[in-house]
2 protein chains.
Amino acid sequence: MMRERRLVNRLAKALATVLVAGLAASQAHAEDGYELWLRHTPLEGGALQELGQYAPEVVAPQGEFQSATTDIAVEELRAGLANLAGGNVARGKATSIRITLDCGTAVGDGQAGFSLVPELDRPTPAFRIAARDHIGCLHGSFALLRELALGKSLADITLQERPAYPLRMLNHWDNPDGHVERGYAGRSIFDWWHLPERLDRRMIDYARANASIGINGAVVNNVNARAFMLEPRYIAKLKRLADAWRPYGIRVYLSPRFSAPRDLGGLDTADPLDPEVRAWWRAKADEIYAAIPDFGGFLVKANSEGQPGPQDYDRTHADGANMLAEALGERGTVIWRAFVYSAEDETDRAMQAYAEFVPLDGRFADNVILQVKNGPIDFQPREPFHPLFGAMPRTRMMLEVQVTKEYLGFASHLAFLAPMWEEVLDADTGRGGTVAQVVAPAGMAGVANTGADRNWTGSDFDQANWYAFGRLAWDPGLSSETIAREWNAQTFTRDQRAQDAITDIMLGSREAVVRYMTPLGLAHLMGTAHHYGPAPWVCDLARPEWNPCYYHRADAGGIGFDRTATGSGALAQYAPEIAQRWRDPDTIDPALLLWFHRVTWDHRMADGLTLWERLAAEYDRGVSEVDRLAATWHGLAPAIDPERHRAVADMFAIQQKEALWWRDASLAYWHSVNGLPYPDGVTPPPPPLEHYMSLSFPEAPGQ
Amino acid sequence: MMRERRLVNRLAKALATVLVAGLAASQAHAEDGYELWLRHTPLEGGALQELGQYAPEVVAPQGEFQSATTDIAVEELRAGLANLAGGNVARGKATSIRITLDCGTAVGDGQAGFSLVPELDRPTPAFRIAARDHIGCLHGSFALLRELALGKSLADITLQERPAYPLRMLNHWDNPDGHVERGYAGRSIFDWWHLPERLDRRMIDYARANASIGINGAVVNNVNARAFMLEPRYIAKLKRLADAWRPYGIRVYLSPRFSAPRDLGGLDTADPLDPEVRAWWRAKADEIYAAIPDFGGFLVKANSEGQPGPQDYDRTHADGANMLAEALGERGTVIWRAFVYSAEDETDRAMQAYAEFVPLDGRFADNVILQVKNGPIDFQPREPFHPLFGAMPRTRMMLEVQVTKEYLGFASHLAFLAPMWEEVLDADTGRGGTVAQVVAPAGMAGVANTGADRNWTGSDFDQANWYAFGRLAWDPGLSSETIAREWNAQTFTRDQRAQDAITDIMLGSREAVVRYMTPLGLAHLMGTAHHYGPAPWVCDLARPEWNPCYYHRADAGGIGFDRTATGSGALAQYAPEIAQRWRDPDTIDPALLLWFHRVTWDHRMADGLTLWERLAAEYDRGVSEVDRLAATWHGLAPAIDPERHRAVADMFAIQQKEALWWRDASLAYWHSVNGLPYPDGVTPPPPPLEHYMSLSFPEAPGQ
């Protein structure tokens, strides 16, 4: 009896000790967002009890069925399950469930998908993760953890998935010096300087995060490329990355500078039809593949915004792409960007890529993919889908979207981008299906928003855009709401009402940004070079299409870019049924009105308001919508950890200030142009237009 | 009995549960260095038992004795004690010790120091932290935690300390765009872009780290300054920082651009004697003080390396400094840098600051301090102390050292800098005391090595330099060994043998770098602009003193810079007894030989070797010393967490490679110059000199 009592006392003390120690440890580790959506915080209530009862035991594949990839899957499952169970894994009454990985002997490329199969009522209860290859099993393992984290019961998790697209890639506009073009989350995550000796831990966590959402490739450097990244010392660095990422199913791609044979190779030309040039690229590709047998290939920006390319030698984009494709051979893929517009071309910028590439349809090698931005200009808050989609049936085409928010408020405006991407994926091209269908043979590329900020993306909510990109590239049929709910449940809280509120914030966020920045189809009105804040008045830059005034064309007589037959004719690049729908300013979706049409300020909208009244109302609605989202967030304090709640609240303070700035500066400018009184109920911007025009931001990030 | 048994079972299960949860949580939070030396990991053995027995209870000051600063001190003590006790705070038999803060009602400036007074055998056992003001109490609280973390018993902690210097400042060469000049730890920690709305949590942790080692000021921007940081929008940002740092006793200073009255104020001149210019600065100072009543003042780099200054208007440095001093008035201090050398001045660069400033002695206003680098050139691995120290008895002078390792291997060579700073602090100027004594009326400034890398400083060991700077600025009498032991015990491990080994690594590290980079008094041999790697061959830059060849002057006839009376005469700038000691190449400390003397390659050293033999031996010894330090580190794996052990091991891999590169390239170059065979036992560098000369590093960090 005394002995028992002593034992009780000792155990009670030990428990108290451990609990206090746990508390102290948790104090030291405030929520800083580093863990992304992979937090796996302990389940609550029924879900917790159930998982505790199951006492899942992960069975590691052995022998030829084992690989670095299955090791990772097993480790992820074990740690994830332990974390989700909050330590409740050793309960006495539990039924032991064997979690098995049934994925053959090939490491594979993760194209074949996976199945999650509960076999709980067998004599030996099990849960089977089945795939044709090991990467599939890793994807399946992350999917199982996700479903559990969402509160589902093991018995109910039956999934059979295959990725919609073979390529699900991030494009990093990261320079080797650590600067990220259009990056708003600090320095580049790639520490080239210390590679290959030093592999930053973040490189593993990056691969892990990508694998958890099915991303399978990364272009590690800016498309505005430096030639020296093809030097042997960089190939050694790339190899270290590729080796680290291989078990996660992430392939390394590089942006080579097209003029590298001159810059590095000592040749006097980079002409793609020159035999020496072709030999140089072949040798370079061989050198890369000797180090990295599964090197993914090249992403090329050529003859665009000052980059060298085949046209420097009077060759076509196809000549350039095919030359590189030949160098890679069957080993890899050339991804050629369609983002081109020319200093010499006087036609509507929105039309130039179509005009340049459509004649090349069918002339690209089999291992070439054309990568096309979602819209015909440049990642604006809203654009119509790019007319190239569907227009080149004999060319594989990939959709390029921007995860980083160059034109959507950097990292200090909340804009959940899934609704924007859903809009373009679901757009019917009128030429053989939706955009999602047109790009099915290739895939999706997202210009990454990662940086070395501890939370990866500058603000916590921008993690959702990384997550959404991966999920949509895996399954473009997912709704924005599904993705928003998945993400916020894993990232913030399992409180249902808080989830509803956060989902509401996310789903409304992008449209609010469109409203206070570029409503009704306006575009490209931001400050020059830094792309920050409003500058619709800018009209004196050397090239016409650099100027905001080129895009809005506002004067006393009206506003908007006439792209119908009476104007630039860009509308004719779309399939007839689409062009037909957009031809009439009275029937076009008002969201695209000023993109395709120039209308008078007193143009009557379907809702009875004049254009000027409606435009002002849109700005006001954008501003008040942000105020509403911020207020919703403030009310969520009890459900969110204080660190991240405060960080997001601070971000909203910036967004609210800047939303008002966009509204005020834009209205003041339009007012100065149209000479009309401000519509009834619209508060005139307090300072004069000159105030907004005088602002300058030489230190704006991302330039 | 059954009830007891059930209780035992339940407790055992709960304990297991908690242990597993703790394990899982700790897996998620790997050691990433963010906590610096403030980890406060649980004590072990006797120290743990003792602290548990004392059950310290922190008594918070109330009413007029309470402030934001005492709140912080109380919180630090409570969390720190709980962490050190590993949760053993609730033991039954413990004697409760009251930890009291006895620090009056003034928040103060932390100049008056603190006492730690154990009063354990009183009727009500207590431990008293006494100070004249609240900042003193905060310093005392951190000191108490440090002593406990070092394993001392509460009963034995009796300290009475006062800082040696009033100013203990970090200088950040951080640009407002986030780039850090000579920064090797990622982007700037200052997120100007999102201030004032967003205050990054790191800004609090930064102030906390500084307060823990007694640092009391920070110049938040680069001395190569942008004028716009004086705009109202930046004053609002500065105010947010100042408000956040005030409770920690950290005052904000700014580097203003001297030409700001022209750049911002619309004046056509920045002439310091112009009444309008003087009025502009006064108004600007008033504007700053209206926002930040305890603004520290200005740090100015003028007429140096292209920066504007009073000489642009034929005025003196004193005219410039005094004009700003008048604008600040009694509210703040002007810190004027003595780092000047001129494109037009043909004399030895090492002599120019002395020549320029000594005539101005006594002409600076009372609130002006002259900030002088440790040596007369520029933060080289070894320099003699600066001849200005002691040479301006009527001018307050501050010592500037570089914490960031611009010339000592960036963040990938281990070089503990305390021995270097100890060397200069202890140097007898021959003019009224040591350097430490000469700067006593002002203090020390350290060019910071902080960045947004998770571990703050790029590599774990560079945290020790931040720590050492703060400790030496508080007490320049501390030995390097004391500081090394304090730091590594708090940062890495309490294992005594591991501490000995790490201390050995740290104390030997700087001399190793000197040996493989610039032995025997050589200096400034690094690559142009980026300051990375060896480039002694460079001799074609526009200004003579930009060229490594200017400093080494090697040819077939000899090597070294004659600064005696037969040469530049720089030696005469030192006090006669010092100059006397250094005048003779046979008696000067060999570590300074080639700094002051040009000698022939066959010059016989005291150890009997020729200069050429000794030089080669120094390189070899530097390389083998690094190999030895790395091997010692590898052996410490059992005592160090795997994350940081691996990170430091990776760093050593880079250092070993680059030490060899410095040795090989330097030897190959000297060999090409002197035409002598390599000394016996010296392995000739494998590749030819041309190889080293062909290397280029356009993306080197920190430029």
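Before I show anything, one term: a crossing of two helices is called left-handed if the near helix is turned anticlockwise from the far one by less than a right angle, and right-handed if it is turned clockwise. With that in hand, we can begin with a pair in chain B, where the crossing of helix 8 and helix 9 of chain B is right-handed. Please keep in mind throughout that what you see on the screen is a predicted model.

Let me stay with that pair for a moment. Helix 8 of chain B covers residues 275–291 and helix 9 of chain B covers residues 317–328, and the two pack at an angle of about 45°, with their axes 8 Å apart. Angles of 65 to 115 degrees count as roughly perpendicular and those under 35 as roughly parallel, and helix 8 of chain B and helix 9 of chain B are therefore oblique to each other. From helix 8 of chain B the contact takes in B:Val277, B:Arg278, B:Trp281, B:Arg282, B:Ala285 and B:Tyr289, and these meet B:Met323, B:Leu324, B:Glu326, B:Ala327 and B:Leu328 in helix 9 of chain B. Sorted by class, the residues of this contact are eight nonpolar, no polar and three charged.

How confident is the prediction? The model as a whole scores ipTM 0.91 and pTM 0.94, and for chain A the average pLDDT is 94, with 95% of the residues scoring at least 70. There is a stretch to treat with care, however, since over residues 14–28 of chain A the pLDDT is below 50, although this stretch has 20 contacts in the model beyond near neighbours in sequence. Where pLDDT is low, the predicted coordinates should not be read in detail.

Now to the sheets of chain A, and to the barrel to begin with. Eight strands of chain A make a closed barrel that runs 6-7-8-9-10-11-12-13, with parallel pairing, and neighbouring strands of this sheet are turned against each other by 25° on average, direction ignored. Taking one pair from the barrel, strand 9 of chain A, residues 297–300, runs parallel to strand 10 of chain A, residues 333–337, and four bridges join them. Within that pair, which residue in strand 10 of chain A is the bridge partner of A:Phe298? It is A:Val334. Helix 9 of chain A, residues 317–328, packs on the sheet and touches strand 9, strand 10 and strand 11 of chain A, with a direction that makes about 160° with that of strand 10 of chain A.

Chain A also holds an open sheet of five strands, in the order 1-2-4-3-5 and with mixed pairing. Its edge strands are strand 1, residues 56–59, and strand 5, residues 159–161, of chain A, each of which pairs on one side only, and the twist from one strand to the next averages 15°. Inside this sheet, strand 2 of chain A, residues 97–102, and strand 4 of chain A, residues 126–131, pair in the parallel sense over five bridges, and A:Arg98 stands opposite A:Ala126 in strand 4 of chain A. Lying across strand 1, strand 2 and strand 4 of chain A is helix 3 of chain A, residues 68–84, which runs at about 155° to strand 2 of chain A.

Two more helix pairs deserve a look. In chain A, helix 6, residues 232–245, packs with helix 8, residues 275–291, at an angle of about 35°, and their axes are 9 Å apart. This crossing of helix 6 and helix 8 of chain A is right-handed. Here A:Pro232, A:Ile235 and A:Lys239 in helix 6 of chain A meet A:Lys284, A:Glu287, A:Ile288 and A:Ala291 in helix 8 of chain A, and the contact has four nonpolar, no polar and three charged residues.

In chain B, the axes of helix 11, residues 418–425, and helix 13, residues 463–474, come within 10 Å and cross at roughly 25°; helix 11 and helix 13 of chain B are therefore roughly parallel to each other. On one side of the contact are B:Ala418, B:Trp421 and B:Leu425 of helix 11, and on the other B:Asn465, B:Ala468, B:Phe469 and B:Leu472 of helix 13, which gives six nonpolar, one polar and no charged residues.

Finally, some backbone details. Most residues other than glycine have a negative phi, and most peptide bonds are trans. A cis peptide bond nevertheless joins A:Leu195 and A:Pro196, with omega about 0°, and A:Pro196 sits in the loop between strand 6 and helix 5 of chain A. In chain B, the peptide bond from B:Leu195 to B:Pro196 is cis, with omega near 0°. As for phi, A:Phe379 is not a glycine and yet has a positive value of about 55°, and its place is the loop between strand 11 and strand 12 of chain A.

Notes: Residues numbered from 1 in each chain as written. Chains lettered and ligands numbered in written order. Predicted model: local features only at pLDDT ≥ 70, side-chain atom pairs only at ≥ 80, totals over all residues. Heavy atoms only, no water. Pairing = 2+ DSSP bridges. Axes fitted to C-alpha atoms, helices over the stretch in contact; angles between N-to-C directions. Contact = heavy atoms within 4.5 Å. Parallel < 35°, antiparallel > 145°, perpendicular 65-115°, else oblique. Nonpolar A, V, L, I, M, F, W, Y, C, P; charged D, E, K, R; others polar. pLDDT = per-residue confidence, 0-100.
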